[in-house]
Amino acid sequence: MTSIHKVSPGPAVADVAAPPQRSAPVTVEDHDDHRGRDVKRIVVNVLRILLPIAVLVLWEFASGDPDDGALIDDFYVSTPSQIWSALQGWAQEGVLIEAIWSTLQATIVGFAVGAVLGIVVGIVLGSSPVLSGIFRPFLVSLNSIPRLALVPLFILWFGFGLQMKVALVALIVFFLVFYATYEGVRDVEQRLLDVLKVMDASRLTLQMKVRIPSAMAWIIQGLQVSIPYALVAAVTAEIIGSNTGIGYLIQRSAGTFNTAGVFAGIVVLVLVSVVINALVTVLEKRLLRWKPRNLKSAR
Amino acid sequence: MTGPSTVQASEPDVVPEFAYRRVTRRFRSEADQEFVALNDVDLEIESGSFVCFIGPSGCGKTTLLNMSAGLLPASGGSIHFRGEKLKKVNTSVGFITQHDNLLPWRTVEKNIGIALEIQKVPRKERRRRVAEVIDLVGLTGFAQRFPSQLSGGMQKRASLARGLVYEPSTLLMDEPFGALDAQLRLNMQNELLRIWERDRKTIIFVTHDLDEAILLADRIVVFGTRPGRVVHVEDVPLARPRDLAELRLDPAYGEIWERLWKLLDHSSPAEEKS
Ligand SMILES: Nc1ncnc2c1ncn2[C@@H]1O[C@H](COP(=O)(O)OP(=O)(O)OP(=O)(O)O)[C@@H](O)[C@H]1O
Ligand SMILES: [Mg+2]
């Protein structure tokens, strides 16, 4: 809480020092093992960088005009350089940032709405057998409706703008987060609840101090799983019927047989989702610090 | 026992802390059969007394504590707590369970302080009292660790501290010192006795250690298995304060020890036939 405690780092657990240099054959093995692992790590890291470069280079040369003997027809699969110039074109036009922002906006707002609703409904139903008995069948049947079938309805209701995208994203995120939260809250260990009950904890206290923290791992997992879906939902909504966003750029490019544009859109999507995932991982580590797995990796 | 007892003497009959009347607990085992974990327990626990439960593994000691805490209903019979029939969770007891039930997402300090949080004790006082018990159980320096960063014995001590910190008037302790080393165990026994002599709490203390039981208890309740039941209640009239080293030389101690040892010895193999 206060800053006093940040001083105590508790170094004993984290890293085991390098093995002492004893003469027994066991140590030699140990040592080799260590070096072997180091070498492996370096190889992995180098290949991680080299492989994509190699793929890009190969791709660049494999793709082209089939009449010139290229392996892949660049009408269907554009070369990396073509994709790059498509991206540059969008950037100059000013639509790139605008599209990314538009998609992100729909993703974030929809995600927030869906996540909050999912968590709240999940906690309420998860901790009340009565409410769960009443509403769960209803939610389960709602869940079985193919989401995309609802898009035309959303377009009717909300038009082609942000709201329609948000509605679709929120709907998809809601169910994922709801199920995770619901299971998490029900998964709480009775013995932990019992301990607090004996201490005269109110229902609210049990909720706040046991059920919700205990479900936190599940909730975070649910949120994490639903983030890519949120992005997909936003882009899908844009492809089906919108006039903004990355999905719209992809759709527009495809409409004019601009393959490079389609690929450029996909590249942007990949980058956006990589960034989002990295942020989520950082957040998860912070929130689930108490998990043994996370404790070990903490410095 | 406690000074001029004119007030107490005028009371007709003192209400016991716990009164068990033919308490039975059955569990449904797999093949839809009933399994009797505890059969017809008749027992009274006097207020302010230190009672030890001892008996072979699986004889229903924990089950009886769970029922005393109101966490498990009896299948038959009744439990009265301070004269009133127990129907819901017994919030007047502190329950130190056999397995530590620390909340894994809270640090040691916040785990131990949780009862005080529930009682809305101001943060400053909470910190002070938590620091005190942390010191008492020898966990100084580990306040900011998470339970998964502690050894088994340390987790045990943390849950012990959590049960002691809010000073409940009655303590149910299920093998609280089981995982401690001899030295620490001795310290904790002395601390517990000191607390008990100071506050005169009622303490029910489950142990597998006969020496520990005789050292601590006013009365020892011996349990037997198949079905789990009370086979014997032994009064321990040894003078206090007790010291284990001296006690061992006392013939009265030896007598009690012998008697209980035989009971414990017999209660397991003799019943195998059933
Ligand atoms: N929830 C339960 N469901 C089914 N059987 C149970 C349950 N709880 C306890 N039992 C059974 O009841 C019996 C008594 O268990 P209990 O935990 O009270 O024993 P114990 O005396 O505390 O043993 P130990 O000294 O090993 O802790 C055991 O045979 C156990 O298998
Ligand atoms: Mg037990």
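Where in chain B is R200(B) found? In this predicted model, R200(B) sits in the loop between helix 7 (182-199) and strand 8 (202-206) of chain B. Its backbone deserves a look, as phi of R200(B) is near 50 degrees, a positive value in a residue other than glycine. Most residues other than glycine have a negative phi. With a relative accessible area of 33%, R200(B) is partly exposed.

D40(B) invites a similar inspection. Phi of D40(B) is also near 50 degrees, again a positive value in a residue other than glycine. The setting here is strand 2 (residues 34-45) of chain B, and D40(B) counts as partly exposed at 35% relative accessibility.

Strand 2 of chain B also holds L38(B). At 0% relative accessibility, L38(B) counts as buried. Leaving aside residues up to four places away in sequence, L38(B) touches V23(B), T24(B), R25(B), C59(B), G60(B), L64(B), M67(B), F223(B), G228(B) and R229(B). One of these partners, C59(B), is 21 residues from L38(B) in sequence, and the two C-alpha atoms are 7.1 Å apart in space.

C59(B) leads on to the cysteines. C59(B) is itself buried, with a relative accessible area of 0%, and C52(B) is likewise buried, with a relative accessible area of 0%. What keeps the sulfur of C59(B) from a bond with the closest cysteine sulfur? The closest cysteine sulfur to that of C59(B) belongs to C52(B) and lies 13 Å away, which is too far for a bond. Seen from the other side, the cysteine sulfur closest to that of C52(B) is in C59(B), so C52(B) has its nearest candidate at 13 Å, too far for a bond. A disulfide is a covalent bond between the sulfur atoms of two cysteines, and the cut-off applied to the sulfur pair is 2.5 Å. By this rule the count over all chains is zero disulfides.

Another buried position in chain B is S78(B), at 14% relative accessibility. S78(B) is found in strand 4 (residues 76-81) of chain B. Its contacts, not counting residues up to four places away in sequence, are A19(B), Y20(B), R21(B), V23(B) and K85(B). Of these, R21(B) is 57 residues from S78(B) in sequence, while the C-alpha atoms of the two are 5.3 Å apart. V23(B) appears here as a contact of S78(B) and also among the contacts of L38(B).

As for the annotation of chain B, UniProt lists residues 21-250 under "domain: ABC transporter" in an unreviewed entry. In the model, that span is 33% helix and 26% strand, and its end C-alpha atoms lie 35 Å apart.

Chain A can be taken next. Its secondary structure comes to 11 helices and two strands, and from the N terminus on the elements run α-β-β-α-α-α-α-α-α-α-α-α-α. Of the 299 residues in chain A, 37% are buried. Among contacts in chain A with a separation of 6 or more, 68% join residues 24 or more positions apart.

For chain A, an unreviewed UniProt entry gives "domain: ABC transmembrane type-1" at residues 100-280. Over this stretch the chain is 86% helix and 0% strand, with the end C-alpha atoms 19 Å apart. UniProt (unreviewed entry) also places the feature "transmembrane region" at residues 42-62, 104-126, 138-160, 166-182, 215-240 and 260-283 of chain A. How much of the span 104-126 of chain A is helix? The model has residues 104-126 as 100% helix and 0% strand, with 31 Å between the end C-alpha atoms. For residues 138-160 of chain A, the corresponding values are 61% helix, 0% strand and 29 Å.

One helix pair in chain A can be described in detail. The axes of helix 2 (residues 80-93) and helix 10 (residues 259-287) of chain A come within 8 Å and cross at roughly 80 degrees, which makes helix 2 of chain A roughly perpendicular to helix 10 of chain A. The residues of this contact divide into nine nonpolar, three polar and no charged. Helix 2 of chain A contributes Q82(A), I83(A), A86(A), L87(A) and W90(A). They meet A260(A), G261(A), F263(A), A264(A), G265(A), V267(A) and V268(A) in helix 10 of chain A.

Technical notes: Residues are numbered from 1 along each chain as its sequence is written. Chains are lettered from A and ligands numbered from 1 in the order in which they are written. This is a predicted model: local features need pLDDT of at least 70, side-chain atom pairs count only at pLDDT 80 or more; totals for chains, interfaces and linings use all residues. Side-chain values use heavy atoms; hydrogens and water are left out. UniProt positions are given in the numbering used here, feature names are shortened, and annotations may be inferred rather than shown by experiment. Helices (H or I, at least four residues) and strands (E, at least two) are DSSP runs, numbered from the N terminus. Buried means under 20% relative accessible area, exposed over 50%, partly exposed in between (1.4 Å probe, protein chains only). Axes are lines fitted to C-alpha atoms, for helices over the stretch in contact, and angles run from 0 to 180 degrees between N-to-C directions. Angles under 35 degrees count as roughly parallel, over 145 as roughly antiparallel, 65 to 115 as roughly perpendicular and the rest as oblique. Contact means heavy atoms within 4.5 Å. Ala, Val, Leu, Ile, Met, Phe, Trp, Tyr, Cys and Pro count as nonpolar, Asp, Glu, Lys and Arg as charged, and the others, Gly among them, as polar.
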